[in-house]
Amino acid sequence: MPALACVDAAVPPPGYAFPTTWDGSLPVPEPFSGSTPDTGLHPLLHPTSPWSTDLSASLYNVDGWGAPYFYINSAGNMSVRPHGAATLPHQQLDLMKVVKKATEPKSAGGLGLPLPLIVRFPDVLRDRLESLNAAFEFAVQANGYGSHYQGVYPVKCNQDRYIVEDLVEFGAPFRFGLEAGSKPELLLAMSCLTKGSPDAFLVCNGYKDEEYVALALISRTIGINTVIVLEQEEELDTVIETSRRVGVKPVIGLRAKLRTKHSGHFGSTSGEKGKFGLTTSQILSVVSKLRQVEMLDCLQLLHFHIGSQIPNTALLADGVSEAAQIYCELTRLGASMRVIDVGGGLGIDYDGTHSGGSDLSVGYGLDEYAATVVQAVRYVCDQKGVRHPVLCSESGRALVSHHSVLIFEAFSASQPASLELRQNLAYYLDQLTDDARADYRNLMASAVQGDYDTCNVYAEQLKKRCAEQFKDGMLGLEHLAAVDDLCELVAREIGAAKPVREYHINLSLFTSIPDLWAIGQLFPILPIHHLDQRPGVDGILLDLTCDSDGKVDRFIDGRSSLPLHELGSIEGGGYYLGMFLGGAYQEALGGLHNLFGGPSVVRVSQSDGPHCFTVTRAVPGASCADVLRAMQHEPELMFDSLKRRIEEYSLGDSKACAISHAFYSMPYLVYGTHLSGDGMVSDSEGSSGVTEEGSGYDDDDDEWDMMRCLSV
């Protein structure tokens, strides 16, 4: 460890006149017999081994969380199997080709969409829906079940128009319906189901007032199979009174609070203390009141919710069995029961471990889930002599999570500090206080002996002590720097320091991955290209917001950093990363922190063309004007006031044009495009957007005439 001896002789710097007592040399350590410390490298990242796409797949556990839809192709790019396991080789979609098509300028044949970018795959959505229904159909047939399954999609998971319309279209052969939890969700569900199966359920959950109930009743008059689910006991009076006023007989369900509850984060909405649902006493009260008003035949559905991300089938079976007992009791009491709605909870294996003891994973697949529900209901109903009910589930997360991929770019990264021993390092170390010098001597002795754990203890103790003395005015800034340099030098020499790099990403976590910040939800994140090359850097991701929480420093494999490639080694464009399995909740929950709006969106379907895909819809993300309007600002008036100020200063139209351009550009950073003399992106590149079928929007839109045609 000769570098520990390479410290300049103690020479007093200007401004200090302390006596020198040290010759400036640090002890040269002898070879030690201790074991090599853990450097934090993933076992696959040892630089002597060859690299392959299979090793990347193992490193990021792509086969664990991605099957059957995502894999790494031979070119080292993330690819999509849009039809799951049934995808043929020529139908596989290279994600980098999709990104290239979406982001390249129109002059080069692209769509000119700025990043970040959400890529939707409706073929994956169809496959998820068909797989869910196939799993229940198989379980029904295999267990001799006397009824059928028809699920609903809870639109709160992602209310995007095209997602909801796709699910209604794809689900029509399966009588697949929708679930709403608010008046606007009810309105969109009513509208979409006019094009769906007439037998599909429209399940109305959430808090209800008279207007909500009236809308639900009106929907029954136009041929929609609507069920009003009582979440609170007092809602029954509203339903009865409104149905009499409107003149429509309701179909009523009720949500039961089960005793069954799972202990994870998502189990907080279940059990006796859950936010929604009726206790056993309240259920009996509802039955009694319906009997009194001669409407007990309206009660036809039982709903319950164990919690999202049910981790294992044992818990699922316990909850379904309890609910089936309540269902049979309601039948005994005279209700015209015909449906059990098992709610949500069908989970996603975010980390690919297939574990039943984590919020990030589940220990079952679609087939096991369906079989568990069917068997539990069948067993209880057969015991009680009750006809098998129609089975319904509200499986939103499991349907939409896989079909959406968030793409973003890392535009810069921190560089590892090149540790150059500053002049007078030995001098400043010698001027430390007695207790700090004692820590220093202990640190060096531990380094010589190869005692890494003790080394770390003394290094932290030395830095902490000197920081406190600096606050008290006992040390200068140069002393602090000398201590930091020494500790870093020792750490590197003993092999304990592997600096984690900070990669800056063109994204707002608060807008695009809000669950990561809000509840600590983790998603698979990895580079979408160069996966045939060894990643040589451990990094964390920092977003664009001015918020210290805007970072990703926890990842699905339990690590606090992500294996990444050196930005300097990337040839032919930017460095793109993808967040996978994020199709549920993230877009609806995203905020406008720092006024960063939503990403651009493309909808990509598999086709038989030369690139194997067709972009059927492309929309640019929210502009600066859009997000300003969301906060009650008026961009037109803002521009007008700025234009007048520019005219007062006689700056010319070019400055006003630059400001105008900023209003209709996305808030995110723009790289690799031509900049005008005002430092703004030119109109020909980087600012154009696309609407349906790849058609560009008109830069002369009436709304912006005043702001863009400034020479008039």
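1. Let me start with Lys-156, where UniProt, in an unreviewed entry, places the feature "modified residue: N6-(pyridoxal phosphate)lysine". Please keep in mind throughout that this is a predicted model. Lys-156 sits in the loop between β5 (152-154) and α5. With a relative accessibility of 43%, Lys-156 counts as partly exposed, because that class lies between the 20% limit for buried and the 50% limit for exposed.

2. The other annotated position to look at is Cys-546, which the unreviewed UniProt entry covers with the annotation "active site". Where does Cys-546 lie? You will find Cys-546 in the loop between β16 (537-542) and β17 (551-552). Its relative accessible area is 72%, so Cys-546 is exposed.

3. Now to the charged pairs. A search of the whole structure gives 26 salt bridges. One that I would show first joins the side chains of Arg-603 and Asp-166, at 2.5 Å from N to O. This pair links distant parts of the chain: Arg-603 belongs to strand β20 (residues 600-606) and Asp-166 to helix α5 (residues 161-171), 437 residues apart. Are these two partners buried or exposed? Both Arg-603 and Asp-166 are buried.

4. A second salt bridge brings together the side chains of Asp-435 and Arg-465, at 3.3 Å from N to O. Asp-435 is part of helix α14 (residues 434-449) and Arg-465 part of helix α15 (residues 452-471), so this pair ties together parts that are 30 residues apart in sequence. Asp-435 counts as partly exposed, at 33% relative accessibility. Arg-465 is also partly exposed, with a relative accessible area of 26%.

5. A third salt bridge, with 2.6 Å from N to O, is formed by the side chains of Arg-644 and Asp-640. Arg-644 and Asp-640 are four residues apart in helix α21, and therefore separated by about one helical turn. Arg-644 is partly exposed, with 43% relative accessible area, and Asp-640 counts as partly exposed at 28%. Elsewhere, salt bridges that share partners join Arg-120, Asp-160 and Glu-587 into one network.

6. Helix α21 itself deserves a point of its own. This helix (residues 635-648) has 14 residues and reaches 20 Å from its first C-alpha to its last, close to the 20 Å expected at 1.5 Å a residue. Which residues of α21 are buried? They are Pro-635, Phe-639, Lys-643 and Ile-646. These residues cover an arc of only 70° around the axis, and that is why they are on the same side of α21. The face turned away from this buried side carries the exposed residues Leu-637 and Glu-648. After α21 comes Ser-650, whose phi is positive, near 55°.

7. On to the strands, beginning with an open sheet of three strands in the order β1-β2-β3, with antiparallel pairing. β1 (70-72) and β3 (93-94) stand at the edges, each with a single partner strand, so one side of each has no neighbour in the sheet. β1 and strand β2 (residues 78-80) run antiparallel and are joined by three bridges. Within this pairing, Ile-72 stands opposite Met-78 in β2.

8. Strands β6 (residues 177-180) and β7 pair in the parallel sense, over three bridges. Leu-178 stands opposite Leu-202 in β7. In strand β7 (residues 201-204), Phe-201 and Val-203 point one way while Leu-202 and Cys-204 point the other way, and all are buried.

9. Finally, the nonpolar interior. In soluble globular proteins, nonpolar side chains tend to be buried together. Here the largest nonpolar core has 156 residues, and those with the most contacts inside it are Met-78, Tyr-153, Leu-299, Ile-407, Phe-580 and Val-602. Helix α11 (residues 366-384) gives the largest share of this core, with ten residues. There is also a second, separate core of 23 residues, which includes Cys-455, Val-483, Leu-486 and Cys-487. If you trace Met-78 through the model, you meet it both among the residues with the most contacts in the largest core and opposite Ile-72 in the antiparallel pairing of β1 and β2.

Note on methods. Residues numbered from 1 in each chain as written. Predicted model: local features only at pLDDT ≥ 70, side-chain atom pairs only at ≥ 80, totals over all residues. Heavy atoms only, no water. UniProt positions renumbered as here; feature names shortened; annotations may be inferred. Helix = DSSP H or I, 4+ residues; strand = E, 2+ residues; numbered from the N terminus. Buried < 20%, exposed > 50% of the residue type's maximum accessible area, 1.4 Å probe, protein only. Expected span 1.5 Å × (residues − 1). Arc of directions from axis to C-beta. Salt bridge = Lys/Arg side-chain N within 4 Å of Asp/Glu carboxyl O. Pairing = 2+ DSSP bridges. Core = buried A, V, L, I, M, F, W, Y, C linked by side-chain atoms within 4.5 Å.
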